[in-house]
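Okay, thanks for coming, everyone. I'd like to walk you through one model today, so let's put it up on the screen.

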Amino acid sequence: MYHRYSCFCFLMAFLLLLACKGEDVHKGRMAIACIGDSYLYKDEIDLMYAVSGEGVDSARFVKDYIERWATEHLFYNKAAENVASDVDIESMVEKYRRGLILSIYQDGLVNQQLASDISQDDITAFYEANDNMFEVEEPMFKGLLLKLSDKSPNIGRVRSWCMRRNSEDLERIEKYSITNSSLYKSFIEEWRTVSDVAKETPLTEYQLNERLKKRETIEFRHDGYTYFVCADTLIQKGDRKPMEMVVSEITELLVNSRRAGFIREKKQTLYKEALKAGEVVLF
């Protein structure tokens, strides 16, 4: 496929020499197409093909890419010819440039200074004052899922490890699962939805959730396999999300609520310092 692509590129380069005559401005690069003084080079197409051309016929990819490139340049040229001469493009570009620079600078200030000023006490106070904002949308839990063949050795021990789940037992489960489990997923330190875990079992979301409500560790057999599902912490739809789950969300809310005042204060401080240093002269 790549051979066809290379042949196509060389053919385009040859045709280009006939169509776009003039001094060598390519500095060793192979030009594939040109429109006026604008050139498309083989190395540009090579890069795009490497990034997004997997599974696509190379010759077709090159043809389509050249067509898109040419169309964009032609459309831009047509636009440049037809935009009224009294439109101050440079002024508009400069305003956009200033706005972009200010936006990037302000975002940097906010991320570096304001976000770091948000304390754990701020987060806790917001969390306690807005308990209705953080409801769980579906049942979730922390725990683990283990799927074993009924022929696996020492299932009784595994059952005991799952029931206790202290640090030593969790390490034993992990080591055991390497050679004996068909499926092992540990999410002791992160929240998973009951629906996601249920997809790995023969149970429905409702069945799994109802069983976990009654017992922290459940065991069931199906089609030659034994499943263990352990829930260290289970929360239901409508419950309040644990604060650990919403720290980032609360931080973002607090940053956004303080952003305008923070930027205003920075501007005022900058003005006063410049005025004092004589950088701003008032007549």
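I'll go through the sheet, then the hairpins, then the helix packing.

Before anything else, keep in mind that this is a predicted model.

So, the sheet. Four strands make an open sheet, and the order across it is E4-E3-E6-E5, with antiparallel pairing. Out at the edges sit E4, residues 181–193, and E5, residues 217–222, and each of those pairs on one side only. Going from one strand to the next, the twist averages 15°.

Let's look at the pairs inside that sheet. E3 covers residues 140–149 and E6 covers 225–235; the two run antiparallel and are joined by ten bridges. If you want to find the register on your screen, Ser149 stands opposite Tyr225 in E6. Another pair to click on is Leu146, which faces Phe228 in E6. On the other side of E6 we have E5, and those two pair in the antiparallel sense over six bridges. There, the residue opposite Thr217 is Cys230 in E6.

Quick reminder for the folks who don't stare at sheets all day: strands pair through backbone hydrogen bonds, either parallel or antiparallel.

What packs on this sheet? That would be helix H7, residues 167–180, which touches E3 and E4. The direction of H7 makes about 140° with that of E4.

Now the hairpins. E5 and E6 form one, with two residues between the strands. One residue to check there is Asp223, in the loop between E5 and E6. Its phi is near 55°, so that's a positive value in a residue that isn't glycine. And is Asp223 buried or exposed? With 65% relative accessibility, Asp223 counts as exposed, because the cut-off for that is over 50%.

There's a second residue of that kind. Asn154 isn't a glycine either, and it has a positive phi of about 55°. You'll find Asn154 in the loop between E3 and helix H6, which is 155–164. Asn154 has 46% relative accessibility, so it counts as partly exposed.

The other hairpin is made of E1, residues 31–35, and E2, residues 38–41, which pair in the antiparallel sense over four bridges. Ala31 has Tyr41 in E2 as its bridge partner. Again there are two residues between the strands, and in this turn Gly36 has a positive phi of about 65°.

On to the helices. As a general point, two packed helices are described by the angle between their axes and the distance between the axes. I'll give you both for three pairs.

Pair one is H4, residues 89–117, with H10, residues 243–277. Their axes come within 10 Å and cross at roughly 110°. So H4 and H10 are roughly perpendicular to each other. Which residues of H4 meet H10? From H4 you get Gln106, Asp107, Leu109, Val110, Gln113, Leu114 and Ala115, and they meet Val255, Arg258, Arg259, Phe262, Ile263, Lys266 and Lys267 in H10. Sorted by class, the contact of H4 with H10 has seven nonpolar, two polar and five charged residues.

H10 also packs against H5, residues 120–129. Here the axes come within 9 Å, with a crossing of roughly 100°. H5 and H10 are therefore roughly perpendicular to each other. On the H5 side, the contact uses Gln120, Asp122, Ile123, Thr124, Phe126 and Tyr127. From H10, the contributors include Met243, Val246, Ile250, Leu254 and Arg258. This contact of H5 with H10 divides into nine nonpolar, three polar and two charged residues. And notice Arg258 of H10: it appears in the contact with H4 and in the contact with H5.

Last pair: H2, residues 42–52, and H3, residues 58–82. The axes of H2 and H3 come within 11 Å and cross at roughly 120°. That makes H2 oblique to H3, because roughly perpendicular covers 65 to 115 degrees. The crossing of H2 and H3 is right-handed. It's Ile45, Met48, Tyr49 and Ser52 from H2 against Ser58, Phe61, Val62, Tyr65 and Ile66 from H3. How many charged residues are in this contact? The contact of H2 with H3 has none, with seven nonpolar and two polar.

That's my tour. Happy to scroll back to any of it.

Terms used
Residues are numbered from 1 along each chain as its sequence is written. This is a predicted model: local features need pLDDT of at least 70, side-chain atom pairs count only at pLDDT 80 or more; totals for chains, interfaces and linings use all residues. Side-chain values use heavy atoms; hydrogens and water are left out. Axes are lines fitted to C-alpha atoms, for helices over the stretch in contact, and angles run from 0 to 180 degrees between N-to-C directions. Angles under 35 degrees count as roughly parallel, over 145 as roughly antiparallel, 65 to 115 as roughly perpendicular and the rest as oblique. Contact means heavy atoms within 4.5 Å. Ala, Val, Leu, Ile, Met, Phe, Trp, Tyr, Cys and Pro count as nonpolar, Asp, Glu, Lys and Arg as charged, and the others, Gly among them, as polar. A crossing is left-handed if the near helix is turned anticlockwise from the far one by less than a right angle, and right-handed if clockwise. Two strands pair if DSSP finds at least two bridges between them. Buried means under 20% relative accessible area, exposed over 50%, partly exposed in between (1.4 Å probe, protein chains only).
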